[in-house]
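Good morning, colleagues. I would ask you to have the sequence and the structure open while I speak.

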Amino acid sequence: MTKSPLVRALLVTAALATMPLLAGCNSDQMALATNAKASQPVPPKLVAAMQEKNMDLQSPILVRLFKQEAELEVWKQDRTGIFQLLKSYPICRWSGDLGPKIREGDRQAPEGFYSISPGQMNPQSSYYLSFNTGYPNAFDKSLGRTGSQLMVHGDCSSRGCYAMTDEQIAEIYALGRESFFGGQRAFQLQAYPFKMTPANFAKHRNNPNMPFWKMLKQGYDHFEVTRQEPKVDFCEQKYVFDAAPPPGSTKPLQFNASAKCPAYEVRPDIAQAVREKDRQDSVKIAELIAKGTPVARLNTGIDGGMNHVFASKIPEASTGLSDTPESTTLASFDRAPGTIPPTVNPPRPSDNLLIAAPAESSGGAAKARVASASKDDIGSLLAGSHKPGNESATSARPVPSAPVSTATRHEPAPRPQGAAPKASETKQAAASRPPLKPSVDAAETTSSASARPSGMISGGAPVVSSNSFDSRFSAFR
């Protein structure tokens, strides 16, 4: 009897719980699903959403992170080969400031393009489940940047990582696991300071990291106009996106992050679409500045951010460097999307993070948490070389693209399987935590069985002193 696609998908995910017992499984499958936490199936509600969006359970994924908005997006390839947004997850906690990670111990969550292979998935994490971002990549290393074990994990605690709730990371981990089982060799992680919109670029126009962010925007725009994972290479201490050999060339491209770029070209239709999007964005940025868009304050001294859906559940909590939008694409939750641990340390409250445009501070006044990325400067982003034209710019339509070879893409070395969790992940509380968590959807929709104090989630405990936060970590990241 033929079963519906939804039923077949549910049967596949349910079978994962017994996978470690089956003979003939490859090592990646065994490593990805070695315990009950790592074997949890993708929730039925999310499987149904895939069916509605014409997606297969095991099709490739792509992940985007945004610090200022405190959101993690999971994109998934549909049956036409185009990536569509599957689900947005509010980030429970990230640490540091807007800007790239520079050195070990600076508490910065990384920004850039990273490749996540099966060896970077950690089913044995002391923070429920996790995957390694792959920082530092070849670009980071070419600039002498240091740091290690920068993760996306559960437990809502961060010292250089992106921390979700346990329920959220269980769902994200399951999506990554399924994509690997479907044949994806690595999924791309794109980490940004904010969504690369004209409004955000106008707001942060005085930030000394602007040359680096403009470079990241090139990759962002490549994805926006093609809805394909951009091919990422590195040369001359910069990112290069969707590079292809020039016409007539018979030699494969050789990239080195610290060496001169080889001769390459970007497919003309993609290059034209990216240029047009950048032109429209530049016009809008100039308009926003002319209207007096205030400038974001530098060096606020605030440590990271938290999505407002979590901060609203913690007494006297603040979103920190994350925005509290007037309207949001995320649903309003009666409960937080997952369990907020009693030891959570939210960002400190602050005064107004914006200052009037006339009081703009110079880039030299900022501390040197700055990315030396390319010869481009802030002026090239905001230059008046593009005359205001059609102001009714719509979002760029995806450009169909042929499969792109990823042979030259940098991939971090896989973590040895079976290795013990890192020292900074070890904590006493892990032993007492239940091994399984309900799905995010269940956590969002289950009503409280009993009354609880205002501002507290079901099962939550009062927030402890922030002094307990650093004691939970044994090493800087």
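A residue is called buried when its relative accessible area is under 20%, and exposed when that value is over 50%. The model on the screen is a predicted one.

Let me begin with backbone geometry. Most residues other than glycine have a negative phi, and most peptide bonds are trans. Arg227 has a positive phi, near 55°, and is not a glycine. You will find Arg227 in the loop between H7 and E11. Is Arg227 buried or exposed? Its relative accessibility is 19%, and because the limit for buried is under 20%, Arg227 counts as buried.

Asp155 is also a residue other than glycine with a positive phi, here of about 80°. Asp155 sits in the loop between E8 and strand E9, residues 162–163. With a relative accessibility of 3%, Asp155 counts as buried. As for peptide bonds, the one from Tyr135 to Pro136 is cis, its omega being near 0°. Pro136 belongs to the loop between E7 and H4.

I turn next to the strands. Strands of a sheet pair through backbone hydrogen bonds, either parallel or antiparallel. One open sheet consists of five strands in the order E4-E9-E8-E7-E6, and its pairing is mixed. At its edges are strand E4, 93–94, and strand E6, 121–122, each of which pairs on one side only. Within this sheet, strand E7, residues 130–132, and strand E8, residues 151–153, run antiparallel and are joined by three bridges. Phe131 is placed opposite Val152 of E8.

A hairpin is formed by E11 and E12, with two residues between the strands. E11 and strand E12, residues 238–241, are antiparallel and pair over four bridges. Cys235 has Lys238 in E12 as its bridge partner. Which residue of this hairpin takes a positive phi? It is Glu236, with a value near 50°. In strand E11, residues 232–235, the side chains alternate: Val232 and Phe234 point one way, Asp233 and Cys235 point the other way, and all are buried.

We come now to the interior. The largest nonpolar core has 69 residues, and within it Leu72 and Tyr239 touch the most other members. Helix H5, residues 166–181, gives the largest share of this core, namely eight residues. Apart from it lies another core, of 10 residues, including Met306, Phe310, Ala311 and Ile340. To return to Tyr239: leaving aside neighbours within four places in sequence, Tyr239 is in contact with several residues, among them Gly112, Phe113, Asn137, Phe139, Phe212, Met215 and Leu216. Its contacts also include Val232, Asp233 and Phe234, which lie in E11.

Next, the aromatic rings. A pair of aromatic rings is described by the distance of the centres and the angle of the planes. The model has 17 aromatic pairs. In one of them, Phe66 and Tyr192, the ring centres are 5.6 Å apart and the planes stand at 15°, so the pair is stacked. Phe66 is in strand E1, residues 61–66, and Tyr192 is in strand E10, residues 187–192, so this pair ties together parts that are 126 residues apart in sequence. Phe66 counts as buried, at 0% relative accessibility, and Tyr192 is buried with a relative accessible area of 0%.

Tyr192 also pairs with Tyr220, in an edge-to-face arrangement with 5.2 Å centre to centre and 90° between the planes. Tyr220 is in helix H7, residues 210–226, and Tyr192 in strand E10, so here the parts tied together are 28 residues apart in sequence. Tyr220 counts as buried, at 7% relative accessibility. Which residues do ring pairs link into a cluster? They are Phe66, Phe113, Phe139, Tyr192, Phe212, Tyr220, Phe234, Tyr239 and Phe241.

Two lysines are also placed over rings. Lys195 lies over the face of Phe66, at 5.5 Å from the ring centre. The charged end of Lys37 sits over the ring of Tyr128, 5.1 Å from its centre.

I close with Ser142, in helix H4, residues 138–142. Ser142 is buried, its relative accessible area being 14%. Its side chain reaches the backbone oxygen of Phe139 at 2.6 Å. Beyond neighbours within four places in sequence, Ser142 is in contact with Gln237, Ala257 and Ser258.

Key:
Residues are numbered from 1 along each chain as its sequence is written. This is a predicted model: local features need pLDDT of at least 70, side-chain atom pairs count only at pLDDT 80 or more; totals for chains, interfaces and linings use all residues. Side-chain values use heavy atoms; hydrogens and water are left out. Buried means under 20% relative accessible area, exposed over 50%, partly exposed in between (1.4 Å probe, protein chains only). Two strands pair if DSSP finds at least two bridges between them. A polar contact is a pair of N or O atoms within 3.5 Å; within protein, one must be able to donate a hydrogen and the other to accept it, and residues adjacent in sequence count only if both atoms are side-chain atoms. Contact means heavy atoms within 4.5 Å. A nonpolar core is a set of buried Ala, Val, Leu, Ile, Met, Phe, Trp, Tyr and Cys residues joined through side-chain atoms within 4.5 Å. Rings of Phe, Tyr and Trp (its six-membered ring) pair if their centres lie within 6.5 Å; planes under 30 degrees apart count as stacked, over 60 as edge-to-face and the rest as tilted. A charge sits over a ring if NZ of Lys or CZ of Arg is within 6 Å of the ring centre and within 35 degrees of the ring normal.
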